[in-house]
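Subject: Handover of a structure, with notes

Dear colleague,

I am passing on the structure we spoke about, together with some notes on what turned up when it was examined. Please have the sequence and the model open beside you as you read.

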Amino acid sequence: MAAKTKPDIGKQIIDILTERNQTIVTAESCTGGLVAAALTDIPGASAVLYGGYVTYANSAKSKMIRVQSRLIRDYGAVSNQVARAMADGARNTANVDFAVAVSGIAGPDGGSEKKPVGLVYIAVSSELTTLVIEHRFGDLGRNGIRQASVEAALNLVLQVLTSDPPQ
């Protein structure tokens, strides 16, 4: 079941990418494919959505989208560095124009004082740059954190698409 997001955000993303003849891929950890599901809820998404990597295990991040093991070891899977590497790795592996990556702690377990439940990093990679945003959603419950992450990811994609000049 797809995440409940404002359909207009997904539609705007699909419309912009379609108009520009560009493509996107997702790389998801804590959201487990919900960002890709939100995009596939939109008719016409198949023209621009390459697919999605669900890289829940650290080894999947390394094997599927080439995140360097040392980044995970040195910074943790939930970090600015790993989210950036996930987005860049997914974009390069899929050979698409954009990638969005999500890595976070959805809970109820797994949090710490430094990295509490609700900490989520979202990254969007393009040919021009990779933007990473840290979110501290708090303990909204597992589903609440995942939903907030999907909405934040789609909003960041839209922000990048509307600020990047068309290629």
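Which residues lie nearest the centre of the largest pocket, and how many residues line this pocket? Before the answer, please keep in mind that this is a predicted model. The lining of the largest pocket is made up of 17 residues, and those nearest the centre are A77, V78, G104, I105 and G110. Helix 3 and strand 3 (98-104) are the elements that each contribute two or more residues to that lining, and the volume of the pocket comes to about 250 Å³. Sorted by class, the lining holds six nonpolar, seven polar and four charged residues.

Strand 3 also belongs to the sheet, which is open and consists of five strands in the order 2-1-3-4-5, with mixed pairing. At its edges are strand 2 (49-54) and strand 5 (130-136), each of which pairs on one side only, and from one strand to the next the twist averages 10°.

Within this sheet, strand 3 is paired with strand 4 (residues 119-125) in the antiparallel sense over six bridges, and S103 is the residue found opposite Y121 of strand 4. Strand 4 pairs in turn with strand 5, again in the antiparallel sense, over seven bridges; here V120 has H135 in strand 5 as its bridge partner. The connection from strand 4 to strand 5 is a hairpin that runs through four residues.

Helix 6 (residues 142-163) lies across several of these strands, namely strand 1 (24-28), strand 3, strand 4 and strand 5, and runs at about 25° to strand 4.

A second piece of packing involves two helices. Two packed helices are described by the angle between their axes and the distance between the axes. For helix 3 (residues 58-65) and helix 5 (residues 80-94), the axes come within 9 Å and cross at roughly 35°, and the crossing is left-handed. On the side of helix 3, the residues in contact are K61, M64 and I65, and they meet V82, A85, M86, G89, A90 and T93 of helix 5. By class, this contact comprises six nonpolar, two polar and one charged residues.

Finally, two details of the backbone deserve a look in the loops. Most residues other than glycine have a negative phi, and most peptide bonds are trans. R66, which lies in the loop between helix 3 and helix 4 (69-75), has a positive phi of about 60° although it is not a glycine. In the loop between strand 3 and strand 4, where P108 is found, the peptide bond from G107 to P108 is cis, with omega near 5°.

With best wishes

Terms used. Residues numbered from 1 in each chain as written. Predicted model: local features only at pLDDT ≥ 70, side-chain atom pairs only at ≥ 80, totals over all residues. Heavy atoms only, no water. Axes fitted to C-alpha atoms, helices over the stretch in contact; angles between N-to-C directions. Left-handed = near helix turned anticlockwise from the far one by under 90°. Contact = heavy atoms within 4.5 Å. Nonpolar A, V, L, I, M, F, W, Y, C, P; charged D, E, K, R; others polar. 1 Å grid on protein atoms, 1.4 Å probe; cavity = no way out; pocket = protein on both sides within 12 Å on 5 of 7 lines; lining within 4 Å. Points joined across faces, edges and corners; volume = space filled by probe spheres on them. Pairing = 2+ DSSP bridges.
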